[in-house]
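Me: I have just opened this one and would like to go through it slowly, a piece at a time. Could you help me get oriented?

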Amino acid sequence: MDGRRGSVLVLTNLHDVTTDIVLRVLAARRVPVVRLDPGTDLLTGASLSASYGTDGQRGVLRTPSRDLDLTRVWSVWVRRPSAYDGPPGLDEHDRRFARDQSFWGTGGVLASLPHAHYVNHPWNNRAAEYKPTQLAAAQQVGFLVPDTLITHVARDAREFVAQRCGGVVYKPLWNTPYRVAGRPHSVWVREVCEQEITDAVAGCPHLFQARVDKAFDVRVTAVGAWLSGIRIDSPDLDWRRRQGLMRCGPVEVPRAIEQSVHAYLAHFRLVYGAFDFAVTHDGTWYFLECNPNGQWAWQPPDATDGIAHALADQLEKGSDP
């Protein structure tokens, strides 16, 4: 990296060990990096100021170890920052006010650095997280998508299930933190039958999808023009449920899938995407979802190393074409 270009700014929480893998690559390349968790660090010693006027946009981020000129931020990696919160000790209303001001103020400053290359831009991440939007985009770029119904009408859901002899699965539309008897509880993808669908469906939208008779799953990780595919064999419908039982290995990504992956990234203006596919016994690939900020360090070492270097390449090159 040209020393005149400035630094890479990494936005993530203190416990995000996946980030450390990429930071080691950048350190070996002597790329300057500033790591910040704005939701917590700006309450515990760091500070941020930005100005907008006739001389343009300026600002400075101060941490206990250095001052960073915001006009010299070369790239921003929006990884896993903590949620914004108000200072402790405030009453409920003042804390909510402070939290919202931080989200819209600090978040707005960090999302509009004038010369930065974002991986990914937080607003693009958010736009790409809506599952209905994902499915619509997937169809537009040429992916095969299983028949899917999003509804809060129980009658429509029961008819959808009854008409599909291959089975139907339920998926949450968002990974909302959920507790049962006070304990954290994950809502996994699972098969549903017509008799299970009650009028309680009316409480919120539900996503029902035709079950794919899959031979295996595939995770395709794309970083810019680079991508890799990992085959996942699991005894579970949702391989995330018991990752200790799954087996992973490299798989070739068909050219048509690769082209659609890049078209999908371009549609949402993403640099990074974690795509999940179900592959049938005859080799047909079905798009399931794309997480614009999905985890990747669980993959085999060679794949993890490749992803880390591809991300480091993006952060190092910044906005260069």
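Me: At what angle do the axes of helix 1 and helix 8 cross?
Reply: Keeping in mind that this is a predicted model, the axes of helix 1 (residues 17–28) and helix 8 (residues 301–317) cross at roughly 60° and come within 9 Å. The two helices are therefore oblique to each other.

Me: And is the crossing of those two left-handed or right-handed?
Reply: The crossing of helix 1 and helix 8 is right-handed.

Me: Which residues make the contact there?
Reply: From helix 1 the contact takes Ile21, Val22, Val25 and Leu26, while helix 8 brings Thr304, Ala308, His309, Leu311, Ala312 and Leu315. By class, eight of the residues in this contact are nonpolar and two are polar, with no charged residue in it.

Me: Switching to empty space, how many cavities does a search of the whole structure find?
Reply: The search finds three cavities of 30 Å³ or more. The largest cavity holds about 70 Å³ of space, and about 50 Å³ lies in the second largest cavity.

Me: What lines the largest cavity?
Reply: Its lining consists of Trp77, Val78, Arg79, Val119, Asn120, Asn125, Tyr272, Pro292, Asn293, Gly294, Trp296 and Leu311. You have already met Leu311, since this residue of helix 8 also takes part in the contact with helix 1. In terms of class, the lining of the largest cavity has seven nonpolar residues, four polar and one charged.

Me: OK, and the second largest cavity, which element gives the largest share of its lining?
Reply: That is helix 5, with three residues. Helix 5 (131–140), strand 13 and strand 18 (285–291) each supply at least two residues of this lining, which is made up of Lys131, Gln134, Leu135, Lys171, Leu207, Gln209, Leu288 and Glu289. Three of the lining residues are nonpolar, two are polar and three are charged.

Me: Pockets next. What volume does the second largest pocket have?
Reply: The second largest pocket has a volume of about 730 Å³. It is lined by 27 residues, and those closest to its centre are Tyr170, Val187, Trp188, Arg190 and His206.

Me: Which strands supply at least two residues each to that lining?
Reply: Those are strand 12 (190–192) and strand 13 (206–210), and strand 13 also supplies at least two residues to the lining of the second largest cavity.

Me: And how does the pocket lining divide by class, so I can note it down?
Reply: The lining of the second largest pocket divides into 16 nonpolar, six polar and five charged residues.

How values were computed:
Residues numbered from 1 in each chain as written. Predicted model: local features only at pLDDT ≥ 70, side-chain atom pairs only at ≥ 80, totals over all residues. Heavy atoms only, no water. Axes fitted to C-alpha atoms, helices over the stretch in contact; angles between N-to-C directions. Helix = DSSP H or I, 4+ residues; strand = E, 2+ residues; numbered from the N terminus. Parallel < 35°, antiparallel > 145°, perpendicular 65-115°, else oblique. Left-handed = near helix turned anticlockwise from the far one by under 90°. Contact = heavy atoms within 4.5 Å. Nonpolar A, V, L, I, M, F, W, Y, C, P; charged D, E, K, R; others polar. 1 Å grid on protein atoms, 1.4 Å probe; cavity = no way out; pocket = protein on both sides within 12 Å on 5 of 7 lines; lining within 4 Å. Points joined across faces, edges and corners; volume = space filled by probe spheres on them.
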